[in-house]
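Got your viewer open? Let's take a walk through this structure, one selection at a time.

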Amino acid sequence: MAKKSKKQQREEAGQRGGTPATVALTAAGVAFTVHSYDHDPSHPSYGEEAAEAMGVSPERVFKTLVADVDGALTVAVVPVAGQLNLKALAAAAGGKRAAMADPALAERTTGYVRGGISPLGQRKRLPTVLDESATGHDTICVSAGRRGLEVELSPHALTTLTQATLAPIARP
């Protein structure tokens, strides 16, 4: 049997209803598990909702935030149990100031909607910083690219695929 090209693998994953994030993981040959749940639009926190719905500790579920660091969009991936420390993100990204990005700009740039932004398979690859607490877990969960869909993978795989910098960017 002939080996499938990466393009064929991406097309097949997309035909099975994948998101750009799951297509990217499949194409990279990374081991991952998809978790799906019914999203409740009235829940106050996308990340906490995901942790509760999956029965996973909030320390293992990471949210993807888009910030503006000195005029450049940057992705921050932090546990839903904590908050992003913008000053620490700026330092980790080699900048001086960071602020949360305009949500509409984040959606246009990544190709995902708020509450479903994944650090993987973004329309435009952005510099990424992953909170170093991720390395304390065998696997972590991040958005798979839409509300109600998460992927579980190793922090090492996420770091490699996103070319992320590891840094202490979360605060309790």
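**First stop: helix α6**

Select residues 155-162, which make up helix α6, and look at the side chains that are tucked away: P155, A157, L158, T159 and T162 are buried. Now bring in β6 (128-131), β7, β8 and β9, because these are the strands that the buried residues of α6 pack against. Keep in mind as you go that this is a predicted model. Step just past the end of α6 and you land on Q163, whose phi is positive, at about 55°.

**The three-stranded sheet**

Next, colour the strands β1, β8 and β7. In that order they form an open sheet of 3 strands, and the pairing is antiparallel. β1 (33-36) and β7 (140-146) are the edge strands, each with a partner on one side only. Turn the view and check the twist: neighbouring strands here are turned by 35° against each other on average, direction ignored.

Zoom in on β7 and β8 (residues 149-153), an antiparallel pair joined by 5 bridges. Which residue of β8 does I140 stand opposite? Click on L153 and you have found the partner of I140.

Now add residues 20-28. This is helix α2, lying across β1, β7 and β8 and running at about 25° to β8.

**The five-stranded sheet**

Move over to the other sheet on our route. The order is β5-β2-β3-β6-β9, an open sheet of 5 strands with mixed pairing. At its edges you'll find β5 (98-100) and β9 (165-167), each pairing on one side only. From one strand to the next, the twist averages 35°.

Pick out β2 (residues 62-69) and β3 (residues 72-79): they run antiparallel, with 8 bridges joining them. For a landmark, show T64, which stands opposite V77 in β3.

**Into the nonpolar core**

Time to look inside. The largest nonpolar core has 25 residues, and the ones touching the most other members are L120, L130, V142 and L153. Two or more residues of this core come from each of α2, β2, β3, β7, β8 and α6. Apart from this core lies another one, of 11 residues, including L84, A88, A90 and V129.

Centre on L120 and show what surrounds it. Setting aside neighbours within four places in sequence, L120 is in contact with A21, L25, Y112, V142, V151, L153, L158, L161 and T162. L158 and T162 should look familiar: they were among the buried residues of α6.

**A buried glutamine**

Slide along to Q122, in the loop between α5 (103-110) and β6. Is Q122 buried or exposed? Its relative accessibility is 13%, so Q122 counts as buried, the cut-off being under 20%. Leaving out neighbours within four places in sequence, the residues in contact with Q122 are V75, T110, Y112 and I117.

**Last stop: the salt bridge**

The salt bridge count comes to 1, so select R60 and E152 to see it. Their closest N and O atoms are 2.8 Å apart. Why look at this pair in particular? R60 sits in the loop between α3 (46-54) and β2, while E152 belongs to strand β8, so the salt bridge ties together parts that are 92 residues apart in sequence. Try a surface view to finish: R60 counts as partly exposed, at 22% relative accessibility, whereas E152 is buried, with a relative accessible area of 17%.

Key. Residues are numbered from 1 along each chain as its sequence is written. This is a predicted model: local features need pLDDT of at least 70, side-chain atom pairs count only at pLDDT 80 or more; totals for chains, interfaces and linings use all residues. Side-chain values use heavy atoms; hydrogens and water are left out. Two strands pair if DSSP finds at least two bridges between them. Helices (H or I, at least four residues) and strands (E, at least two) are DSSP runs, numbered from the N terminus. Axes are lines fitted to C-alpha atoms, for helices over the stretch in contact, and angles run from 0 to 180 degrees between N-to-C directions. Contact means heavy atoms within 4.5 Å. Buried means under 20% relative accessible area, exposed over 50%, partly exposed in between (1.4 Å probe, protein chains only). A nonpolar core is a set of buried Ala, Val, Leu, Ile, Met, Phe, Trp, Tyr and Cys residues joined through side-chain atoms within 4.5 Å. A salt bridge is a side-chain nitrogen of Lys or Arg within 4 Å of a carboxyl oxygen of Asp or Glu.
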